[in-house]
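Biologist: Could you take a close look at the empty spaces in this one, and walk me through what surrounds them?

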Amino acid sequence: MLEKGIDYRLRAPVPNETDVNSSLTTYFQAGLVSPSQTAALILLAQIIKEPCFTQLRTQEQLGYVVASGVRLTWFRSLVAGISFRVLSKTHGPDEILNRLEAFLLQVQSLLSSLPPAELERHKKALITNLLEPPKKLVGEAGMHWGEIVNETREWRRNRLYVEGVETTRREDLERVFGEVCLGLGREGRRSLSVMMYGKNHRMVEEGEMGGKEGGRERGRAVWFREEDWLAFRMSRPLFPCSPTVLSSKY
């Protein structure tokens, strides 16, 4: 469980000293989610995917790998979030993170002006994908086994997601994005960035930051070295097990 109002940043050199590639992976944690909230996040991720690639890969040419999407983590509860990933040999993690923050403001504007017809197009495409049956037996077995292991036993989960997508409005997407990715809520956002530095990009020492903690104006940044990360992870509380959160009545 990441603390609200803090941007956690893990900085480390790439293990291979000859590797010219640097990378940034930033994760915005939404926390425990219901089916309707998960549906809104999945829809939001689908709407963001193409603009993210177009802006950061095609126009700004940050790197040859630019990806974004929803991240769902299971173990007796469902914790969701939105993640962004960039791999680059021309830009360091710090610059990529600044560009990502600028892009997030563009997304805010994009959502506020999203035409109803465009929203419906995204909804229909996502619903079609959610209702598509597994192509192989192993896929169906894996889907059901996950429900058994997590003791949720929600056999119609994708149908619940479809119902959530159908009722999601543009205002809901704006609110979710503002709270999760921009920290517009009262307590701020939960974020974690893994910043890996290739040989072409020097990792700035903490003392060289001019006393700035970094992060957005709404929060603050806490920096960690690789050797500090395990201790940090062990110090954080876990989300409670909540199998009933995602269980429908059947």
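**Pockets and a small cavity**

Modeller: Bear in mind that this is a predicted model. The second largest pocket holds about 460 Å³ of space. Its lining is made up of 23 residues, and Ala30, Gln37, Arg175, Glu179 and Val180 are the ones nearest the centre. Strand 2, helix 1 (35–59), helix 5 (157–167) and helix 6 (170–182) each give two or more residues to that lining, with helix 6 contributing the largest share, five residues. By class, you get seven nonpolar, eight polar and eight charged residues around the second largest pocket.

Now the largest pocket, at about 700 Å³. Here strand 2, strand 3 (65–74), strand 5 and helix 7 (229–235) each supply two or more lining residues. There are 21 lining residues in total, with Met1, Gln29, Thr73, Arg233 and Leu238 nearest the centre. The lining of the largest pocket splits into 14 nonpolar, four polar and three charged residues.

As for closed spaces, the whole structure has three cavities of 30 Å³ or more. The second largest cavity has a volume of about 40 Å³, and its lining counts two nonpolar, three polar and four charged residues. Among the residues around it are Asp7, Arg9, Thr26, Leu97 and Ser193.

Ser193 is worth a stop. It sits in strand 5 (residues 190–197) and counts as buried because its relative accessible area is 3%, under the 20% cut-off. Its side chain makes a polar contact of 2.9 Å with that of Thr26, and beyond its sequence neighbours within four places, Ser193 also touches residues including Arg9 and Leu97.

Terms used
Residues numbered from 1 in each chain as written. Predicted model: local features only at pLDDT ≥ 70, side-chain atom pairs only at ≥ 80, totals over all residues. Heavy atoms only, no water. Helix = DSSP H or I, 4+ residues; strand = E, 2+ residues; numbered from the N terminus. Buried < 20%, exposed > 50% of the residue type's maximum accessible area, 1.4 Å probe, protein only. Polar contact = N/O pair within 3.5 Å; in protein donor to acceptor, adjacent residues only side chain to side chain. Contact = heavy atoms within 4.5 Å. 1 Å grid on protein atoms, 1.4 Å probe; cavity = no way out; pocket = protein on both sides within 12 Å on 5 of 7 lines; lining within 4 Å. Points joined across faces, edges and corners; volume = space filled by probe spheres on them. Nonpolar A, V, L, I, M, F, W, Y, C, P; charged D, E, K, R; others polar.
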